[in-house]
Amino acid sequence: MDWLYIYAERYMKKITKDNFKKTLAKFATGITVVATSKNSDLYGKTINSFSSLSSSPPLVLFSLDIKSSKLNIFKNSKILSINVLSKNQKSISDNFAKKKPSWNNIEYSLIKNGNPIIKNCISNLDCTIVNKIKKGDHLIFVCKVIKVLNNDKLKPLIYYNSKYL
């Protein structure tokens with residue numbers, strides 16, 4: 001037996017909601033804002049559960065808690081943008097993490113299909129939602145990426161251990 005096995009057997013804890021959340025907070029993630037529009041109203045939500053899924057076809061995914069105040073907006077959307085925030089956009093992340101975020105001080109443009117893309121992000125993805133899957137207490141959105149915009153001069157906003165880095 002090696003030392004890691006012995007250590008793990010002695011110190012690993014049975015999973016609880018609290019230690020599960022604490023453990024996942026140890027995984028550094030980028031921060032995104034998913035955004036869409038409906039009847040000329042704009043909606044956005046801060047997300048760190050964003051991931052690439054496939055390069056052929058180009059697919060990404062993110063998830064929303066089924067208790068999210070924005071769930072029905074995104075659930076009923078066919079298109080959305082995913083805006084990968086830059087290091088200088090912490091206030092945008094905080095804004096869209098609120099239950100009632102404001103677009104008033106957000107610099108954005110509406111692209112041809114009506115999706116809002118936030119300016120000065122490291123990347124913007126224009127997507128169509130191709131599937132929604134309910135797992136546990138979240139709804140997973142699978143999105144096909146149609147167009148992208150990248151800014152190689154900016155650094156990403158990183159979230160680790162429940163704090164921005």
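The legends below describe several close-up views of a predicted model.

**View 1. The seven-stranded sheet and its edges.**
In this predicted model, seven strands are arranged as an open sheet in the order 3-2-6-9-10-5-4, and their pairing is antiparallel. The edges are formed by strand 3 and by strand 4, which spans residues 51-55, and each of these two pairs on one side only. From one strand to the next, the twist averages 35°. Helix 4, made of residues 90-97, packs on the sheet, where it touches strand 2 (32-38) and strand 3, and the direction of helix 4 makes about 110° with that of strand 3. At the other edge, strand 4 is joined to strand 5 by four bridges, with the two strands running antiparallel, and Ser52 stands opposite Val60 in strand 5.

**View 2. Strand 10 and the strands on either side of it.**
Strand 10, which covers residues 138-150, is joined by seven bridges to strand 5 (residues 58-65), and this pairing is antiparallel. Within this pairing, Leu59 has Lys144 of strand 10 as its bridge partner. Strand 9, residues 123-135, is linked to strand 10 through 12 bridges, again in the antiparallel sense, and Ser123 is found opposite Asn150 in strand 10. Strands 9 and 10 make up a hairpin in which two residues lie between them, and Gly136 in the turn has a positive phi of about 60°.

**View 3. Ile146 in strand 10.**
Ile146 belongs to strand 10 and, with a relative accessibility of 47%, counts as partly exposed. When neighbours within four places in sequence are left aside, the contacts of Ile146 are Asp126, Cys127 and Thr128. Although Ile146 and Lys135 are 11 residues apart along the chain, their C-alpha atoms are separated by 26 Å.

**View 4. The largest nonpolar core, with Phe62 and its contacts.**
The largest nonpolar core contains 18 residues, and those with the most contacts inside it are Phe62, Leu80, Ile82, Cys127, Phe141 and Cys143. Two or more residues are given to this core by each of strand 5, helix 3 (71-75), strand 6 (79-84), strand 9 and strand 10. Strand 10 supplies the largest share, namely four residues. Phe62, with neighbours within four places in sequence left aside, is in contact with Val34, Ile47, Ser49, Phe50, Leu80, Ile82, Leu139, Ile140, Phe141 and Cys143. Another core, of 12 residues, lies apart from this one and includes Ile31, Phe96, Ile118 and Cys121.

**View 5. Aromatic pairs and a cluster.**
The model contains five aromatic pairs. One of them, formed by Phe62 and Phe141, is stacked, with 4.8 Å from centre to centre and 5° between the planes. Phe62 lies in strand 5 and Phe141 in strand 10, so this pair ties together parts that are 79 residues apart in sequence. Phe62 counts as buried at 0% relative accessibility, and Phe141 also counts as buried, at 0%. Trp103 and Tyr108 form an edge-to-face pair, for which the distance is 5.1 Å centre to centre and the angle between the planes is 75°. Within this pair, Trp103 is buried at 11% relative accessibility, whereas Tyr108 is partly exposed, its relative accessible area being 31%. Together with Phe96, Trp103 and Tyr108 form one aromatic cluster.

**View 6. Thr46 and its surroundings.**
Thr46 is located in strand 3, which consists of residues 41-47, and its relative accessible area of 16% makes it buried. A polar atom of the Thr46 side chain lies 3.2 Å from the backbone nitrogen of Ala97. Neighbours within four places in sequence being left aside, Thr46 is in contact with Ile31, Thr32, Val33, Ile92, Ser93, Phe96 and Ala97.

**View 7. The three-stranded sheet.**
Three strands make up an open sheet in the order 1-11-12, with antiparallel pairing. Strand 1 (29-30) and strand 12 (163-164) are the edge strands, each of them pairing on one side only. Strand 11, which comprises residues 158-160, pairs with strand 12 over two bridges in the antiparallel sense, and Tyr159 stands opposite Tyr164 in strand 12.

Notes. Residues are numbered from 1 along each chain as its sequence is written. This is a predicted model: local features need pLDDT of at least 70, side-chain atom pairs count only at pLDDT 80 or more; totals for chains, interfaces and linings use all residues. Side-chain values use heavy atoms; hydrogens and water are left out. Two strands pair if DSSP finds at least two bridges between them. A nonpolar core is a set of buried Ala, Val, Leu, Ile, Met, Phe, Trp, Tyr and Cys residues joined through side-chain atoms within 4.5 Å. Buried means under 20% relative accessible area, exposed over 50%, partly exposed in between (1.4 Å probe, protein chains only). Contact means heavy atoms within 4.5 Å. Rings of Phe, Tyr and Trp (its six-membered ring) pair if their centres lie within 6.5 Å; planes under 30 degrees apart count as stacked, over 60 as edge-to-face and the rest as tilted. A polar contact is a pair of N or O atoms within 3.5 Å; within protein, one must be able to donate a hydrogen and the other to accept it, and residues adjacent in sequence count only if both atoms are side-chain atoms. Axes are lines fitted to C-alpha atoms, for helices over the stretch in contact, and angles run from 0 to 180 degrees between N-to-C directions.
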